[in-house]
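Welcome! Let's take a friendly walk through a protein model, one region at a time. Have the picture ready so you can follow along.

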Amino acid sequence: MNIIIVGCGKVGYTLVEQLSNEDHNLVVIDEKPEKVQYITDRLDAMGIVGNGVNHKTLLDAGITTADLLIAVTGDDEKNLLACVIAKKTGHCQTIARVRNPIYNSEVEFLKKEFGLAMIINPERAAALEIARIFQFPSAIRVDSFAKGHVELLHFKVTDKSPLFHMKLFNLHQTLHSDVLVCTVVREDEVIIPNGDFEFQENDIVAIVSQRHNAIEFFRKIGIMKNRVDNAILAGGGKVSYYLAKSLIESGIKVTIIEIDHARCEHLSEILPEATIICGDATDQELLAEEGLEHAQGFAALTGLDEENILLSLYANRISKAKTVTKINRISFNSVINELNLGSIIYPRIITADYILKHVRSTNNSRNSNVETLYKLANGKAEALEFIIKEDSAVANIPLQDLNFRKNTLIGCIYRNGKVILPTGQDMMKAGDSVLVVISGYRISDIKEILED
């Protein structure tokens with residue numbers, strides 16, 4: 001596809017990084033020459049210095065032959081305007097990043113009136129992911145499929161876990177749990193395990209299951225935690241606003257600590273049910289006064305990655321709270337993953353995953369539709385949800401008779417309200433929602449899981 005990306009910030013860079021790996025022709029636009037240069041020096045993309053809402057700039061970028069324009073500048077209105085001009089000039093699909101909460105209730109209206117393929121709100125998407133984690137704090141990450149009926153839950157194996165040194169083929173007969181192990185991340189390696197696989201300390205394991213079965217599984221391995229009843233949010237930015245709103249709607253008590261007085265007053269107006277504390281979230285005395293030691297949930301959501309890391313480390317040291325750490329900029333994954341930060345949220349990566357799912361969907365053929373896509377293990381594996389079509393190459397054939405590519409797993413089949421953890425005799429049928437986990441290759445159509 002020919003793709004134009006307007007805005008070369010953190011999200012723009014992440015998009016180019018992911019899309020350039022998928023053989024798309026990319027052009028980036030930004031008014032700051034140093035940002036354009038930074039991307040074009042490191043990644044496979046052409047760069048244009050200019051204003052993304054300028055008609056001539058878009059023509060120079062090739063808008064007349066573009067398949068997709070993605071506007072991810074820091075200005076919502078500029079993103080929307082760039083999409084409108086692109087649509088009128090080139091008739092391409094358009095995606096806009098829109099972050100301001102005032103537009104949140106108007107997303108469908110804006111999509112329809114401006115002809116947008118998608119509106120993405122990184123802060124809201126990140127907040128919804130954190131809310132899922134607080135609803136299921138036994139997991140360090142929760143990915144949702146089949147409209148919430150199926151979940152991919154990630155957790156860490158400790159030396160106290162009954163899984164430690166257990167072989168996978170013994171898991172079901174020992175624990176009698178209706179879950180399927182999809183991936184294991186061990187140091188820098190991602191593994192789709194077979195029956196002989198043996199769990200080790202610090203393995204990050206992903207299981208697919210319905211929630212009630214996952215609850216039973218986590219209880220049996222000794223890491224069951226109930227949904228949090230209260231949470232402290234450090235920082236009062238957009239992520240905190242969206243998260244607080246979601247948690248309050250779920251009946252969870254929320255305290256927000258924000259240093260800016262004007263922002264505190266605004267939060268008090270738009271979140272009357274939350275407790276808003278005007279102060280420095282790094283003040284240990286203030287954290288003690290607000291009951292961090294007894295908090296069940298803690299999210300470090302300030303604008304500084306370093307501050308968020310320190311806050312989560314401190315919260316984990318003095319409390320048993322489920323901690324979540326927001327990281328926007330730092331990319332030292334090997335170091336960060338070794339720290340005790342609880343669940344780590346990268347809004348820019350969440351945004352890129354949403355957009356990548358759309359790009360894959362527009363590339364697919366008649367066999368299936370990509371419904372959901374999650375990058376796993378720092379992009380080394382993917383979990384994708386497909387809706388199977390009537391004439392799909394994989395339909396109505398027992399799984400044991402399909403010639404799957406290496407490092408491929410059918411995680412589950414969701415059919416008519418029923419979750420099936422498949423065996424070799426099961427088949428994928430038209431209308432099924434199917435979760436596929438792959439490593440070492442990329443797909444946009446489910447038929448691509450088969451050997452040629």
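## A covered helix

How many residues of helix 1 (residues 10-20) are buried? Eight of the eleven are, so this helix is mostly covered, going by a cut-off of under 20% relative accessible area for a buried residue. Keep in mind as you look that this is a predicted model.

You can pick out the buried residues of helix 1 by name: Val11, Gly12, Thr14, Leu15, Val16, Gln18, Leu19 and Ser20.

## An open sheet

Next, find the sheet built from five strands. It is open, its strands follow the order 7-8-11-9-10, and they pair in the antiparallel sense. At the edges sit strand 7 (141-145) and strand 10 (189-191), each of which has pairing on one side only. On average, neighbouring strands in this sheet are turned by 15° against each other, if direction is ignored.

Now zoom in on one pair. Strand 7 and strand 8 (residues 150-156) are joined in antiparallel fashion over five bridges. Here you can spot serine 144 standing opposite glutamate 151 of strand 8.

## A nonpolar patch on the surface

Finally, turn to the surface. Leu310, Leu313, Phe332, Val335 and Leu339 make up a nonpolar patch there, and together they have about 470 Å² of accessible area.

One member of the patch, valine 335, belongs to helix 13 (residues 333-336). Is valine 335 buried or exposed? The answer lies in between: its relative accessible area is 48%, so valine 335 counts as partly exposed.

Conventions. Residues numbered from 1 in each chain as written. Predicted model: local features only at pLDDT ≥ 70, side-chain atom pairs only at ≥ 80, totals over all residues. Heavy atoms only, no water. Buried < 20%, exposed > 50% of the residue type's maximum accessible area, 1.4 Å probe, protein only. Helix = DSSP H or I, 4+ residues; strand = E, 2+ residues; numbered from the N terminus. Patch = residues over 30% accessible without salt bridge, like charges linked within 9 Å, V, L, I, M, F, W, Y side chains within 5 Å. Areas by Shrake-Rupley, 256 points an atom, 1.4 Å probe, with all protein chains shown as cover. Salt bridge = Lys/Arg side-chain N within 4 Å of Asp/Glu carboxyl O. Pairing = 2+ DSSP bridges. Axes fitted to C-alpha atoms, helices over the stretch in contact; angles between N-to-C directions.
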